[in-house]
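Please load the model in your viewer and keep the sequence beside it. The stops below say what to select and what is found there.

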Amino acid sequence: MSGLRLLLGFDYGTRQIGVAVGQAITGQARELCVLKAQNGVPDWSQIEKLVKEWQPDAMVVGLPLNMDGTPSEMSERAERFARRLHGRFNLPVHTHDERLTTFEAKGHRLAQGQRDGYRQRPVDALAAALLLEGWLADRPAG
């Protein structure tokens, strides 16, 4: 993991994409924003602004696998998004199993008292932070 300091994480979706920033040193991540997408296609200029602002060493895209671990149609789309990120920004892009991160994110929000209103306060960026922390936790230190 040497050379990795700052990472951007993406919780890919067809209507919105959650974005988080994480640090390799602490292994922690936090929500940044939720980007709108049209049928899975983001406004690339918004992602470019985030990359310029945060200057990540790498990016991580959540891979929504089926519960049995097999690829889904959405995981294929997320992998395509990851390849496009790499192609546009020439940074290492990793994928990470994100099963249950949205469920876990909703659990966090329920614990904070949010019962609904996920359109007004979506959990996508929180899910991105959770998947980024999971990716960091799975990597050996050093």
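In what order do the elements of the chain run from the N terminus on? The order is β-β-β-β-α-β-α-β-α-α, which gives 4 helices and 6 strands in the chain. Helices (H or I, at least four residues) and strands (E, at least two) are DSSP runs, numbered from the N terminus. This is a predicted model, where local features need pLDDT of at least 70 and side-chain atom pairs count only at pLDDT 80 or more, while totals for chains, interfaces and linings use all residues. Residues are numbered from 1 along each chain as its sequence is written, and side-chain values use heavy atoms, with hydrogens and water left out.

**Whole chain**

Color the chain by accessibility. Buried residues make up 44% of the 142 residues; buried means under 20% relative accessible area, exposed over 50%, and partly exposed in between (1.4 Å probe, protein chains only). Of the contacts in the chain with a separation of 6 or more, 64% are between residues 24 or more positions apart. A contact means heavy atoms within 4.5 Å.

**The sheet**

Select the strands next. The 6 strands form an open sheet in the order β4-β3-β2-β1-β5-β6, with mixed pairing. Two strands pair if DSSP finds at least two bridges between them. β4 and β6 stand at the edges with a single partner strand each, so one side of each has no neighbour in the sheet.

Start with β2 (16-23) and β3 (28-38). They run antiparallel and are joined by 8 bridges; glycine 22 has alanine 29 in β3 as its bridge partner. The hairpin of β2 and β3 has 4 residues between the strands, and glycine 27 in this hairpin takes a positive phi near 75°.

Move on to β4 (41-42). It is joined to β3 by 2 bridges, and the two strands run antiparallel. Alanine 37 stands opposite proline 42 in β4. β3 and β4 form a hairpin with 2 residues between them. Stop at asparagine 39 in the turn: its phi is positive, about 50°, although it is not a glycine. Asparagine 39 counts as exposed, at 57% relative accessibility.

At the other edge, select β5 (58-63) and β6 (93-97). These run parallel, joined by 5 bridges. Leucine 63 has aspartate 97 in β6 as its bridge partner.

**Helix α1**

Select α1 (44-54). This helix lies across β1, β2, β3, β4 and β5, and runs at about 160° to β3; axes are lines fitted to C-alpha atoms, for helices over the stretch in contact, and angles run from 0 to 180 degrees between N-to-C directions. Which residues of α1 are buried? They are Trp44, Ile47, Leu50 and Val51. Seen down the axis of α1, these fall within an arc of 115°, so they line one face of the helix. The arc is that of the directions from the helix axis to the C-beta atoms. On the other side of α1, Lys49, Lys52 and Glu53 are exposed.

Just after α1 comes glutamine 55, with a positive phi of about 45°. Glutamine 55 lies in the loop between α1 and β5 and is exposed, with a relative accessible area of 60%.

**Helix α2**

Select α2 (73-89). At 1.5 Å a residue, its 17 residues should span 24 Å, and its end C-alpha atoms are 25 Å apart, which agrees. The expected span is 1.5 Å times one less than the number of residues. Ser75, Arg77, Ala78, Phe81, Ala82, Leu85 and Phe89 of α2 are buried. They cover an arc of only 155° around the axis, which puts them on the same side of α2. On the other side, Glu73, Arg83 and Gly87 are exposed. The buried residues of α2 pack against β1, β2, β4, α1, β5 and β6. Asparagine 90, just after α2, takes a positive phi of about 50°.

**The cores**

Finish with the largest nonpolar core, which has 22 residues; Phe10, Ile47, Phe81 and Leu85 have the most contacts inside it. A nonpolar core is a set of buried Ala, Val, Leu, Ile, Met, Phe, Trp, Tyr and Cys residues joined through side-chain atoms within 4.5 Å. The largest share of this core, 5 residues, comes from α2. Apart from it lies another core, of 13 residues, among them Leu7, Ala29, Leu132 and Trp135. Lastly, center on phenylalanine 10: not counting residues up to four places away in sequence, the residues it touches include Ile47, Met59, Phe81, Leu85, Ala128 and Leu131.
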